[in-house]
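Subject: Structure handover

Hello,

Please find the structure we talked about below. My notes on it follow underneath.

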Amino acid sequence: MPAAPANHPESYLDPRTLEKIKRLDLRARLVVEGFITGGHRSPYNGFAIEFAGHREYSPGDELKHIDWKVWSKTDRLYIKEYEEETNLTSTMVVDCSKSMAYGKGWRKFDHAATAAASLAHLLQGQQDPVGLVTFNTKVEKIMPPSSRTLQLKAMVHELGETEPGSETDVSSVFAELPQHIKRRGLVAIFSDFFADRAAIAEALKQFRLRRHEVIVFHVLHNDEVTFPFDDNTRFLGLESDDQVHADPRALRKSYLKIFNEYQDEVKKICATVGADYAVLNTSEPLDAALSRYLAFRKKHTRRV
């Protein structure tokens, strides 16, 4: 399939286009615009009202609201009443550890920050409170959820000013994260999850015990997923100055086996605790985050 023209809204989902846009607020707006214009269901419709109950028909009530199924059973006219759905409080939790700096030009952190900002932009368009937590080996920034107009601007500024830290292992901080999100709601975690699996499982379990809904966005660079190297390559350590010269062709099979096992473990952890899971590959369009959110919202909206 040919790529969309550079000025086509769908191209705004493409990391190759987004990399050229330095302002994160503009990136986020264009991602949401491209997502909706590209034929996805609009997030601004269909989630606003929820069935509440019945009341007896009174002259002047609109006939379209009569529950004809109830009439067929009782021979009496009742009106279906609706109420506005309670706003969904959400918190974007973004990993800014050293491993998120991987990538030439468009890094894992850039992908995660843009996805989080785009989702926040979409949420604020629905007047839903949204907050932000950033972390590396410790919690760096906490912005409690708010639906204030300036909240999105402050979140985007914070993400735009954030740079990945100097260390990678975030195992110790995972246990701390649930304590910092007080208001029950949706927690969207953007991370490569290079951490002890037990620590990940315990943190997600604690989020669920606090009755949060959780969406895990597993941020991966395409190099990590496919190991595309062919020529002799110098591999640098993430947390040290160690270097290894190796023939990637001799390593590919074993590397991919280990990597796929690691990814499967993260998926299983999410399934076990009841968290939604989605991969955000840095080479792929950014609609995965918004699509997963809409699927989540649809699943948790009662229909009549």
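The notes go from the whole chain to the sheet, then to single helices and residues.

Please keep in mind throughout that this is a predicted model. The protein chain has ten helices and ten strands. It comprises 304 residues, of which 45% count as buried. Among contacts in the chain with a separation of 6 or more, 73% are between residues 24 or more positions apart.

The sheet

Six of the strands form an open sheet with mixed pairing, in the order E5-E4-E3-E6-E7-E10. Strand E5 (139-146) and strand E10 (276-281) are at the edges; each has a single partner strand, so one side of each has no neighbour in the sheet. From one strand to the next the twist averages 15°.

Within this sheet, strand E6 (residues 186-191) and strand E7 (residues 213-220) run parallel and are joined by six bridges. As a point of reference for the register, Leu186 stands opposite Glu213 in E7. Helix H4 (residues 108-125) packs on the sheet, where it touches strand E3 (90-95), strand E4 (130-135), E6, E7 and E10. The direction of H4 makes about 170° with that of E3. A further helix, H9 (residues 248-273), lies across E7 and E10 and runs at about 170° to E7.

Helix H5

Which residues of helix H5 (residues 149-161) are buried? They are Gln151, Leu152, Met155, Val156 and Leu159. Seen down the axis of H5, these buried residues fall within an arc of 125°, so they line one face of the helix. The general background is that an α-helix has 3.6 residues a turn, so residues three or four places apart point the same way. On the face of H5 turned away from the buried side are the exposed residues Thr149, Leu150, Lys153, His157 and Glu161. Note that Leu150 is on this exposed list, whereas Leu152 and Leu159 are buried.

Aromatic pairs

The count comes to eight aromatic pairs. One of them, Phe174 with Phe193, is stacked, at 5.7 Å centre to centre and with 20° between the planes. Phe174 lies in helix H6 (residues 171-174) and Phe193 in the loop between E6 and helix H7 (197-209), so the pair ties together parts that are 19 residues apart in sequence. Both partners are buried: Phe174 has a relative accessible area of 1%, and Phe193 has one of 0%. There is also an aromatic cluster, made up of Phe194, Phe227, Phe229, Tyr255, Phe259 and Tyr262.

Backbone angles

Most residues other than glycine have a negative phi. Phe193, the loop residue from the stacked pair, has a positive phi of about 55°. Asp75 also has a positive phi, near 65°. Asp75 is found in the loop between helix H3 (68-74) and strand E2 (78-84). The surroundings of the two can be set side by side: Asp75 counts as exposed at 60% relative accessibility, while Phe193 is buried.

Cysteines

How many disulfides are there? The count is zero. As for individual cysteines, Cys96 is buried, with a relative accessible area of 2%, and Cys270 counts as buried at 1% relative accessibility. By its number Cys270 falls in helix H9 (residues 248-273).

Pro15

Pro15 is in helix H1 (residues 15-18). Is this residue buried or exposed? At 4% relative accessibility, Pro15 counts as buried, the cut-off for that being under 20%. Beyond its neighbours within four places in sequence, Pro15 is in contact with Trp106, His111, Thr282, Ser283, Glu284 and Pro285. The C-alpha atoms of Pro15 and Thr282 are separated by 7.0 Å, although the two residues are 267 apart along the chain. Another of the residues in contact with Pro15, His111, has a number within the range of helix H4 (residues 108-125).

Regards

Methods
Residues are numbered from 1 along each chain as its sequence is written. This is a predicted model: local features need pLDDT of at least 70, side-chain atom pairs count only at pLDDT 80 or more; totals for chains, interfaces and linings use all residues. Side-chain values use heavy atoms; hydrogens and water are left out. Two strands pair if DSSP finds at least two bridges between them. Helices (H or I, at least four residues) and strands (E, at least two) are DSSP runs, numbered from the N terminus. Axes are lines fitted to C-alpha atoms, for helices over the stretch in contact, and angles run from 0 to 180 degrees between N-to-C directions. Contact means heavy atoms within 4.5 Å. Rings of Phe, Tyr and Trp (its six-membered ring) pair if their centres lie within 6.5 Å; planes under 30 degrees apart count as stacked, over 60 as edge-to-face and the rest as tilted. Buried means under 20% relative accessible area, exposed over 50%, partly exposed in between (1.4 Å probe, protein chains only). A disulfide is a pair of cysteine sulfur atoms within 2.5 Å. The arc is that of the directions from the helix axis to the C-beta atoms.
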